[in-house]
Amino acid sequence: MNLFEQVSNDIKDAMKARDKVRLETLRNIKKVFLEAKTAPGANDTLEDAVALKLLSKLAKQGKESAVTFTQQGRQDLADAELAQVAVIETYLPKPMTDEEIETVVKAIIDQTGAASMKDMGKVMGMASKQMAGKADGGKISSIVKRLLA
């Protein structure tokens, strides 16, 4: 079962359980998935890798919104956003630790023969593909910079 089907099934379960936060979040996820499926050139399919990127983006946006709400003194709205982020994160793979990211990046550097910051683009391209949805791009970038410097 792919992510799209799993979310659709979980919507039914959330309705039966009368879990409003989960239901609202899952409906929002499904809306984003449907938009991606019907986008020009999508061939009415949604690969799990693309779905994971969309989920990561939604989680990141939710966290950023929660920070903004907290800064503006609206803890009620921040808590609502964080509750939705928690639901989204149940569909994301466990994030990689810094040590795991560093191990993968070192292997890529050895594989590509990268020696300086000039090769950062080559390393980042491969690292981003290999760790898509598992690690934050900013964290990958900082580790690549540190290892190539």
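A nonpolar core, as the term is used in these legends, is a set of buried Ala, Val, Leu, Ile, Met, Phe, Trp, Tyr and Cys residues joined through side-chain atoms within 4.5 Å. Keep in mind that everything shown here comes from a predicted model.

**View 1. The largest nonpolar core, with 22 residues.** Start with the residues that have the most contacts inside this core: Leu 3, Val 7, Leu 26, Ile 29, Phe 33 and Leu 55. Four helices, H1, H2, H3 (48-71) and H4 (75-89), each chip in at least two residues. H3 gives the largest share, 6 residues. As a general rule, nonpolar side chains in soluble globular proteins tend to be buried together.

**View 2. A second, separate core.** This one has 17 residues, and among them are Met 96, Ile 108, Met 131 and Ile 140.

**View 3. Phe 33 and what it touches.** Setting aside residues up to four places away in sequence, Phe 33 touches Leu 3, Phe 4 and Val 7, and also Leu 46, Ala 51, Leu 54 and Leu 55. Phe 33 is one of the residues with the most contacts inside the 22-residue core.

**View 4. The aromatic pair of Phe 4 and Phe 33.** The structure has just 1 aromatic pair. Its rings sit 6.4 Å apart, centre to centre, with 40° between the planes, and that makes the pair tilted. The two partners are 29 residues apart and bridge distant parts of the chain, with Phe 4 in helix H1 (residues 3-17) and Phe 33 in helix H2 (residues 20-37). Both Phe 4 and Phe 33 are buried. Phe 4 has another visitor too: Lys 37 lies over the face of its ring, 4.1 Å from the ring centre.

**View 5. H2 packed against H4.** The two helices pack at about 65°, and their axes are 9 Å apart. H2 makes a right-handed crossing as it passes H4. On the H2 side, the residues at the meeting point are Val 21, Arg 22, Glu 24, Thr 25, Leu 26 and Ile 29. Ala 83, Gln 84, Val 87 and Ile 88 meet them from H4. Leu 26 and Ile 29 should look familiar, since both are listed with the most contacts inside the 22-residue core.

**View 6. Arg 18, in the loop between H1 and H2.** Arg 18 counts as exposed because its relative accessible area is 74%, and the cut-off for that label is over 50%. For a sense of span, the C-alpha atoms of Arg 18 and Gly 113 are separated by 55 Å, and the two residues are 95 apart along the chain.

**View 7. Ser 141, in helix H7 (residues 137-148).** Ser 141 counts as buried because its relative accessibility is 16%, and buried means under 20%. Apart from neighbours within four places in sequence, Ser 141 is in contact with Met 120 and Met 124.

**View 8. Zooming back out to the whole protein.** The secondary structure comes to 7 helices and 0 strands, so the elements run α-α-α-α-α-α-α from the N terminus on. The C-alpha atoms fill a box of roughly 55 × 45 × 25 Å along the principal axes. Of the 149 residues, 34% count as buried. Looking at contacts between residues at least 6 apart in sequence, 57% join residues at least 24 apart.

Key. Residues are numbered from 1 along each chain as its sequence is written. This is a predicted model: local features need pLDDT of at least 70, side-chain atom pairs count only at pLDDT 80 or more; totals for chains, interfaces and linings use all residues. Side-chain values use heavy atoms; hydrogens and water are left out. Rings of Phe, Tyr and Trp (its six-membered ring) pair if their centres lie within 6.5 Å; planes under 30 degrees apart count as stacked, over 60 as edge-to-face and the rest as tilted. Buried means under 20% relative accessible area, exposed over 50%, partly exposed in between (1.4 Å probe, protein chains only). A charge sits over a ring if NZ of Lys or CZ of Arg is within 6 Å of the ring centre and within 35 degrees of the ring normal. Contact means heavy atoms within 4.5 Å. Axes are lines fitted to C-alpha atoms, for helices over the stretch in contact, and angles run from 0 to 180 degrees between N-to-C directions. A crossing is left-handed if the near helix is turned anticlockwise from the far one by less than a right angle, and right-handed if clockwise.
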